[in-house]
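Thanks, everyone. Please have the sequence and the model open while I talk.

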Amino acid sequence: MIKYKGIISVILTELILCVILTTGCGSTPVVLDNSVSGEEDDGRIVIGFSQLGAESDWRSANSESMRSTFTGEKGYRLIFEDGQQKQSNQMTAIRTFIQQEVDYIVLAPVTETGWENVLEEARKAGIPVILMDRMVDVEDSELYVCHVGSDFELEGAKACEWLKAYVEKKEIDESNLHIANIQGTLGSTAQIGRTKGLSDAAKKYGWDLIAEVPGDFIQAKGREAMEQLLSEYEDINVVYCENDNEAMGAIEAIEAAGRHTGTDIENGDIMIISFDGVNEDALSLVRNKKISCIAECNPDLAPKIETVIKQLEKGETPQKLSYVDEELYSSEEDVLSINAGGREYKVTVLR
Ligand code: GZL
């Protein structure tokens with residue numbers, strides 16, 4: 001239950017919020033559940049949520065997962081803060097949550113390093129921190145209760161095993177693969193894992209990994225990165241995009257250059273492999289054979305976060321790491337399953 005410092009502070013907070021929201025200045029905590037009239041302690045569980053930004057369709061879906069799970073009707077008060085892809089904004093949000101004495105902090109960290117001090121402040125304040133989506137790189141893993149998200153290295157391995165199975169089925173000589181990686185936000189867990197998945201596969205299978213360029217998970221940067229790659233390398237025939245928004249930007253650049261995306265890479269096509277599979281636009285590109293394979297990344301993480309909070313409310317200890325199940329999507333019927341990390345994964349063929 002939130003322990004406001006007095007009804008005055010609540011009224012002031014609401015007033016400041018109204019002023020700022022109407023003037024639009026600054027990135028201010030948005031209290032998403034105003035159905036509570038601000039009683040000092042209304043019995044609701046108060047969650048301070050530091051979201052890293054709104055850079056992609058995946059991120060929007062992830063934020064919606066939180067909003068639709070932690071509602072007033074279910075006994076929660078969600079304070080949502082958009083970090084606008086800046087760690088400094090997220091740190092400010094966490095310190096604000098500490099001042100507000102929220103019950104729990106949920107953090108989707110933009111990148112992995114630099115979190116020790118602010119997490120130590122939350123620990124000293126006795127506020128449990130739950131990591132969602134990406135991870136933090138800290139010596140003391142007791143600085144957070146647990147992590148709920150995806151195994152990004154496995155996602156990368158799954159995408160590469162699909163590529164391996166596809167070229168084998170089509171009897172494409174792997175020495176003819178010339179792969180470029182348009183990476184996500186450098187230093188983010190998703191980028192680190194997916195990049196490793198590809199670089200490990202390239203070493204294992206002897207693939208030619210010709211370039212790694214940052215795309216920041218953003219469509220416009222995906223297009224810019226692809227334009228640069230096309231100007232520098234004539235022989236690119238596979239582009240590994242670390243999310244769908246980058247892939248959509250890359251396809252724009254490829255088509256603007258008069259090239260074609262698809263699987264006929266021995267006759268000039270550029271094959272696109274991507275991650276997320278959240279929005280219909282990307283899935284339509286799979287159906288239209290412009291994206292050859294998407295490794296799903298599940299944004300609906302809030303139900304697992306709610307399970308963790310219910311466990312903590314009962315004094316139970318949640319699992320330290322919990323991953324969500326994820327599939328592969330393709331429109332190619334040549335590969336119906338792959339094996340990665342010692343497990344078989346079925347490919348959902350989109351028609
Ligand atoms: C993955 C998430 C990534 C998505 C991108 O869990 O961190 O960040 O793959 C998003 O779309 O921007």
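Let's start with the lining of the second largest pocket: five nonpolar, three polar and four charged residues. Keep in mind that this is a predicted model. The volume of this pocket is about 170 Å³.

Who are the lining residues? The charged ones are Glu153, Glu161, Asp200 and Lys204. The polar ones are Gly197, Asn339 and Gly341. That leaves Ala157, Cys160, Ala201, Tyr205 and Ala340 as the nonpolar set.

Which elements supply at least two residues each to this lining? They are helix H5 (152-169), helix H6 (189-205) and strand E14 (337-340). H6 gives the largest share, with five residues.

Stay on helix H5 for a moment. Trp162 sits in that helix. Is Trp162 buried or exposed? Its relative accessible area is 0%, so Trp162 is buried. What does Trp162 touch, leaving aside neighbours within four places in sequence? The contacts are Met271, Ile273, Ser292, Cys293, Ser330, Glu332, Val335, Ile338 and Val347. Now look across to Ala340, one of the pocket-lining residues. Trp162 and Ala340 are 178 residues apart along the chain. Their C-alpha atoms are separated by 9.4 Å.

Next, helix H9, residues 280-287. Four of its residues to pick out are Ala282, Leu283, Leu285 and Val286, and they are buried. Why do they fall on the same side of H9? Because they cover an arc of only 155° around the axis. What covers these buried residues? The cover includes helix H8 (244-256), strand E11 (293-296) and strand E13 (328-330). One backbone detail follows the helix. Lys289 comes after H9, and its phi is positive, near 65°.

Now the charges. How many salt bridges does a search of the whole structure find? It finds 26. I'll show three of them.

Take Glu55 and Arg134. They form a salt bridge, with the closest N and O atoms 3.8 Å apart. Where do the partners lie? Glu55 is in the loop between strand E2 (45-51) and helix H2 (57-69), and Arg134 is in the loop between strand E5 (129-133) and strand E6 (146-149). So the pair ties together parts that are 79 residues apart in sequence. Both partners are on the inside by the numbers. Glu55 has 12% relative accessibility, so it counts as buried. Arg134 has a relative accessible area of 2%, so it is buried too.

Arg134 has another partner. It also forms a salt bridge with Asp133, and there the closest N and O atoms are 3.7 Å apart. Asp133 is at 2% relative accessibility and therefore counts as buried. Which residues end up in one network? Salt bridges with shared partners join Glu55, Arg59, Asp133 and Arg134.

The last pair is Asp42 and Arg44. They form a salt bridge too, with the closest N and O atoms 3.7 Å apart. How accessible are the two? Asp42 is at 22%, so it counts as partly exposed. Arg44 is at 17%, so it is buried. The cut-off for buried is under 20%, so the two partners fall on opposite sides of it.

To recap. The pocket lining draws on H5, H6 and E14. Trp162 is buried in H5. H9 has its buried residues on the same side. And one salt-bridge network joins Glu55, Arg59, Asp133 and Arg134. That's my part.

How values were computed. Residues numbered from 1 in each chain as written. Predicted model: local features only at pLDDT ≥ 70, side-chain atom pairs only at ≥ 80, totals over all residues. Heavy atoms only, no water. Salt bridge = Lys/Arg side-chain N within 4 Å of Asp/Glu carboxyl O. Buried < 20%, exposed > 50% of the residue type's maximum accessible area, 1.4 Å probe, protein only. 1 Å grid on protein atoms, 1.4 Å probe; cavity = no way out; pocket = protein on both sides within 12 Å on 5 of 7 lines; lining within 4 Å. Points joined across faces, edges and corners; volume = space filled by probe spheres on them. Contact = heavy atoms within 4.5 Å. Arc of directions from axis to C-beta.
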